[in-house]
Amino acid sequence: MTIWMDRLIKPSPTNEPPAPGAQLRNDLAVAVTVLFALFLALGIRSQVYSASQVAVLNQGALRIAYPERWVQRSAAESGANIDGSTDAGFIAVNLGSPSTYDSRVEVTSRPLSPDETLELARFERGLKLSSEVSGYRELEATVMQVLNGLPAIAATYGFVADPTRDAGATGLPVVVEGQDILFVQDGVLYVVSLRADAAEWGANAHDFAVVTNSLRLQAPPTVAAAASTSSGFTGDAQLEGGN
């Protein structure tokens, strides 16, 4: 027994501690390995969250990206649109949304009337929504541009939805926040709608950015220039009106 204890206590000649220089090299090698693994994991995570699919609309006239994890649905599968219609050309929803109201993107399009302006189209859409959904309220409308500098309007609004009613459940209604991006391309009015539970809007910012980045949504150069030279100005040009 004494021999075994001596062997355990006495340092082994084959396990002598490394010299200070060798120890430093070992520590640096471990640190580099850990940092490499960390950056690799962050890169994989970023690729997963940034991965997207592309929807092609109107025979290739418009291509729009949406998160790869979202599921494309038909209007019948996802229920009526927020305005009560079923004319959405494209719908994709996030079935992993924590809310009973699934975050989604919808795209509709129609020919623009000869005497119809983008502002008039936005105003008429607001009137339609206010008559077909509960508690509709437009919060703001901002002048923007999309694609190769096409004029656009981004209208932010809210309304109340009851996504569990159709399933016969008794869940509470949900306050929904939405943003419509309206623009005209080749005589066709497009409305790209982003919507989510208002309490989860911020959590959906990364997913919504996949859509808006594919549209190259940004403030017009004149607005951006005014924002950089005007103190106290946010850079967003507000439109008159609202509902």
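Let's start with one residue: Leu 120 sits in helix 4, which covers residues 118-132. Keep in mind as you look around that this is a predicted model.

Is Leu 120 buried or exposed? Leu 120 falls in between: its relative accessible area is 35%, and it counts as partly exposed because that label covers values between 20% and 50%. Leu 120 also has company on the surface. Together with Phe 123 and Leu 127, Leu 120 forms a nonpolar patch there, and the three residues share about 230 Å² of accessible area.

Now step back to the whole protein chain. Along its 243 residues, 37% are buried. The chain contains 6 helices and 9 strands. Its accessible surface adds up to about 14400 Å², and carbon and sulfur atoms account for 58% of that area.

How do parts of the chain that lie apart in sequence meet? Take the contacts between residues at least 6 apart in sequence: 53% of them join residues at least 24 apart.

Finally, how confident is the predictor? The average pLDDT of the protein chain is 78, and 63% of the residues score at least 70. Two stretches deserve a careful look. Over residues 41-49 the pLDDT is below 50, and beyond near neighbours in sequence this stretch has 3 contacts in the model. Residues 78-87 also stay under a pLDDT of 50, and here the model has 27 contacts beyond four places in sequence. Where pLDDT is low, the predicted coordinates should not be read in detail.

Technical notes. Residues are numbered from 1 along each chain as its sequence is written. This is a predicted model: local features need pLDDT of at least 70, side-chain atom pairs count only at pLDDT 80 or more; totals for chains, interfaces and linings use all residues. Side-chain values use heavy atoms; hydrogens and water are left out. Patches are made of residues with over 30% relative accessible area and no salt bridge: like charges are joined within 9 Å, nonpolar side chains (Val, Leu, Ile, Met, Phe, Trp, Tyr) within 5 Å. Accessible areas come from the Shrake-Rupley method with a 1.4 Å probe; for residues, only the protein chains shown count as cover. A salt bridge is a side-chain nitrogen of Lys or Arg within 4 Å of a carboxyl oxygen of Asp or Glu. Helices (H or I, at least four residues) and strands (E, at least two) are DSSP runs, numbered from the N terminus. Buried means under 20% relative accessible area, exposed over 50%, partly exposed in between (1.4 Å probe, protein chains only). pLDDT is the predictor's confidence in each residue, from 0 to 100. Contact means heavy atoms within 4.5 Å.
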